[in-house]
Amino acid sequence: MLHSTKEIRHNYKDQSHGGKEAIRRLPKFKMEDSEMEAAVAYEAIYGELALDGNASLNLATFVQTWEEKQLHKLMDNCIVKNMIDKDEYPQTAAIEERCVHMIADLWNSPDSSNTMGTSTTGSSEAAMLGGLAMLWNWRKKMKALGKPTDKPNMVCGAVQICWHKFARYWDIEIREVPMEKNKYSMTALDVLKYVDENTICVVPTLGLTLTLEYEPVAEIAAALDNLQKEKGLDIPIHVDGASGGFLAPFIENQKSLVWDFRLQRVKSINASGHKFGLAPVGVGWVVWRDKSDLPEELIFNVNYLGGNMPTFALNFSRPGGQIIAQYYNFVRLGKDGYSKIQDNSSYIGQFIAKEISKLEIFEVVYNGNGGIPGCTWRLKDNANINFNLYELSDRLRTRGWLVPAALMSSSPVPPLPSD
Ligand SMILES: Cc1ncc(COP(=O)(O)O)c(C=O)c1O
């Protein structure tokens, strides 16, 4: 059989880098008219993704960067499942419900098999839903008292950006207790200074994004209990447990910490399944203490997918795989498995803090004990060096490590020594 070289080269479909398609440019602004071989498209895009950072060297994220191969298979199997279509995928819906009850139980809900909760795309959506329920409940309470409802506020420490979004989108004044040097968390005393009858809720964070420390939920709850006794103000708490929600129940020296539904005043909690819940990115959870804490007006009954399904979410369609992956981790790891992983991560954070503290120029802010696994540090005021933490972070990046430097929200912008 005779072939011309050109023909062979251009007809050889198995060679993803050898065909003429491999030298086509990938489109950036307009879709091409013609198709591309699947193998070539795959290789081109896969290759381009090599320019991303290496997830396992990313110490800036709390989000999961490793999953078991069985979990990959389940995700693959679920790629077609739209979790909102609970009629078509009733088993995915049932598994979501199981997760809600299991999480409610982890957080010591008084009636975990009946409690209300939902999966979300992450803690941001979960926080919005928790905050919205608080807003609605506060409005109802104020209307019943014949009081105005036009000036709601919320009180918090140095919260993650999702709470700033929540406050702006729903026109709520955010009273964020400012950080001070060597005091990065909100205390019970701070809370009492900022709350009033227009406070829809107080939001302590179990695992501050910047320092990794836990805010003292029980002390804040006790202070609000006293306030109610003295002044009649009944202000509920929503705990942002984005990270801590899946840590405190498992880390050995955190198991005795009382931060959850054991505190009567804690009405709702959010957590990211995709952080220390160990599920792949794209799942969060919000759970309410009691059915009555979630106003019925916020629940929509959807009947055009076949059945009649109650939903409370900002999104509609959403992938089901992350929920299944979350359940897989619950089943696969159990409490022991989670504890082993979280304890190990916690030891690693403490080890790094110890090593960092040996470097004279640094002052450890959080030593890895009592909050999120990890550690945080700052440059000593008298550190006699000609670089700052942003530059250090940049140097580490040249070796692939992502170690973030951040500005504490209430600190002045530090001048760059190289400026
Ligand atoms: C305390 C806290 N709340 C909320 C969020 C937002 O979480 P998500 O990325 O799951 O939307 C984060 C993310 O880092 C966080 O640390």
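The exercises below work through one chain and its ligand, each with a solution in steps.

The structure is a predicted model, in which local features need pLDDT of at least 70 and side-chain atom pairs count only at pLDDT 80 or more, while totals for chains, interfaces and linings use all residues. Residues are numbered from 1 along each chain as its sequence is written.

**Exercise 1. Overall layout**

Task: describe the secondary structure, the extent and the domain division of the chain.

Solution. Begin with the elements: the chain has 10 helices and 11 strands, where helices (H or I, at least four residues) and strands (E, at least two) are DSSP runs numbered from the N terminus. Next take the extent, for which the C-alpha atoms fill a box of roughly 95 × 70 × 45 Å along the principal axes. Then turn to the domains, whose bounds come from an automatic or database domain assignment: domain 1 covers 5–47 and domain 2 covers 73–329, and their C-alpha centres lie 47 Å apart. Finally, consider packing over the chain. Of its 419 residues, 36% count as buried, a residue being buried if 20 or more other C-beta atoms lie within 10 Å of its own, exposed if 12 or fewer, and partly exposed in between, with C-beta atoms placed from the backbone. Among contacts between residues at least 6 apart in sequence, 67% join residues at least 24 apart, a contact being a pair whose C-beta atoms, placed from the backbone, lie within 7 Å.

**Exercise 2. The ligand shell**

Task: determine which residues surround the ligand, and which helix gives the most to the shell.

Solution. The shell holds 15 residues, and the closest are G122, S123, S124, Q160 and A242; here a residue is near a molecule if its C-beta atom, placed from the backbone, lies within 6 Å of it. Sorting the shell by class gives 4 nonpolar, 10 polar and 1 charged residues, where Ala, Val, Leu, Ile, Met, Phe, Trp, Tyr, Cys and Pro count as nonpolar, Asp, Glu, Lys and Arg as charged, and the others, Gly among them, as polar. As for the helix, α5 (residues 123–144) gives the most, with 3 residues.

**Exercise 3. Parallel pairing around β2**

Task: find the partners of strand β2 and follow the chain from β2 to β3.

Solution. Two strands pair if DSSP finds at least two bridges between them. By that test, β2 (residues 153–156) and β3 (residues 173–176) pair in the parallel sense over 4 bridges, with C156 opposite E176 in β3. Between these two strands the chain passes through helix α6 (residues 161–169), in a β-α-β crossover that is right-handed, that is, with the strands pointing away from the viewer, the path from the first strand over the helix to the second runs clockwise. The other partner to consider is β4 (residues 199–203), which runs parallel to β2 and is joined to β2 by 4 bridges; in this pairing M154 stands opposite C201.

**Exercise 4. Strand β7 and its neighbours**

Task: decide whether β7 is mostly covered or uncovered, and identify strands that pair with β7.

Solution. Start with burial: in β7 (residues 284–288), 5 of 5 residues are buried, and the strand is mostly covered. Dividing the strand by direction, G284, V286 and W288 point one way while W285 and V287 point the other way, and all are buried. Turning to the partners, β1 (residues 117–120) pairs with β7 in the antiparallel sense over 4 bridges, and G117 stands opposite V287. Strand β6 (residues 266–272) also runs antiparallel to β7, joined by 5 bridges, and S268 stands opposite W288.

**Exercise 5. Four loop residues**

Task: locate K86, N108, L212 and I361, and explain why each is classed as buried or partly exposed.

Solution. K86 lies in the loop between α3 (69–77) and α4 (90–106), and counts as buried because 23 other C-beta atoms lie within 10 Å. K86 and P310 are 224 residues apart in sequence, yet 9.7 Å apart in space, C-alpha to C-alpha.

N108 lies in the loop between α4 and β1, and is partly exposed because 16 other C-beta atoms lie within 10 Å. Its phi is near 60°, a positive value in a residue other than glycine.

L212 sits in the loop between β4 and α8 (217–231), and is buried because it has 23 C-beta neighbours inside 10 Å. Although L212 is not a glycine, its phi is positive, about 80°.

I361 belongs to the loop between α9 (321–357) and β10 (362–366), and is partly exposed because it has 15 C-beta neighbours inside 10 Å. Not counting residues up to four places away in sequence, I361 touches L379, K380, A383 and I385; of these, K380 is 19 residues away in sequence and 5.6 Å away in space, C-alpha to C-alpha.

Notes
Contact = placed C-beta atoms within 7 Å.
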